[in-house]
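Q: Please take a close look at one part of this structure, the surroundings of the ligand, and follow the packing from there into the interior.

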Amino acid sequence: MTAADFVPPDRSLEALRGAACDCRGCSLWEHATQTVFGEGAAHASLMLVGEQPGDVEDKEGEPFVGPAGRLLDRALEAAGIDREQTYITNAVKHFKWRPAGKRRLHQKPSTTEVVACRPWLVAEVEAVQPEVVVAMGATAARSAVGRPVKVTQERGQVVQSPEGWTVVPTVHPSSILRADDPSDREVQFDAFVRDLSAVPALLVRR
Ligand code: SF4
């Protein structure tokens, strides 16, 4: 079973968001609080895709509202991109985690889970019709492009998905947060901003 069994005939964002609440396309729903569907401008030129909701997103039900989201906000602002004009989602809509004492530690979704959840991303892209999809991190790039992507080699480049989407892979903001020291974090942040800064030139509609 995959999410394809749960995508409704009505492909409006509202209908998709409602149906995704009851998705059982893989086992990740069992230990998550809720489905975290995409949010943002309904006809955004730019769609941003992350890996999966984190601990904060799982509790609040919204994408990129935790620490990685705050870093993304700063990077978008530095790149001259208005978050309100974008649509933000994740490749996988449920939080995958393992317990560590009282904490819930993020676990990378498997390829099977990413593939199982891809029908939701496809439906979101079909509904929003973005000109560019920015895929943040290897999992998002894998889902958006439909094949494994080496982000270190392909970041900032324009890649086509099998459906003809224009995809720009880059790093995930949480990888910048995990950098060992502040100067390394700053270098990585600047590189992330450089990748994002090149995107507006690819947009015709704005
Ligand atoms: S992760 Fe995706 S496919 Fe799996 S249950 Fe959640 S919404 Fe469905």
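**From the ligand shell to the core**

A: In this predicted model, helix α4, spanning residues 111-128, gives the most to the shell around the ligand, with 4 residues. That shell counts 16 residues, of which the closest are Cys23, Gly25, Cys26, His94 and Cys117, and by class it is made up of 10 nonpolar, 3 polar and 3 charged residues.

Helix α4 also has a part in the interior. The largest nonpolar core has 51 residues, and those with the most contacts inside it are Met47, Val49, Val133, Val134 and Ala135; to this core, too, α4 gives the most, with 8 residues. Apart from its neighbours within four places in sequence, Ala135 is in contact with Val49, Ala140, Ala141, Ala144, Val145, Val167 and Pro169.

Two further helices can be followed from here. In α1 (residues 13-20), Leu16, Ala19 and Ala20 are buried; seen down the helix axis, the buried residues of α1 fall within an arc of 100°, so they line one face of the helix, and what covers them includes α4. In helix α5 (residues 138-145), 7 of the 8 residues are buried, so α5 is largely enclosed by the rest of the structure. The buried residues are Ala138, Thr139, Ala140, Ala141, Arg142, Ser143 and Ala144, and they pack against β2 (46-50), α4, β6 (132-136), α6 (151-154) and β8 (166-170). Just after α5, Gly146 takes a positive phi of about 80°.

Conventions: Residues are numbered from 1 along each chain as its sequence is written. This is a predicted model: local features need pLDDT of at least 70, side-chain atom pairs count only at pLDDT 80 or more; totals for chains, interfaces and linings use all residues. A residue is near a molecule or strand if its C-beta atom, placed from the backbone, lies within 6 Å of it. Helices (H or I, at least four residues) and strands (E, at least two) are DSSP runs, numbered from the N terminus. Ala, Val, Leu, Ile, Met, Phe, Trp, Tyr, Cys and Pro count as nonpolar, Asp, Glu, Lys and Arg as charged, and the others, Gly among them, as polar. A nonpolar core is a set of buried Ala, Val, Leu, Ile, Met, Phe, Trp, Tyr and Cys residues joined through C-beta atoms within 7 Å. A residue is buried if 20 or more other C-beta atoms lie within 10 Å of its own, exposed if 12 or fewer, and partly exposed in between; C-beta atoms are placed from the backbone. Two residues are in contact if their C-beta atoms, placed from the backbone, lie within 7 Å. The arc is that of the directions from the helix axis to the C-beta atoms.
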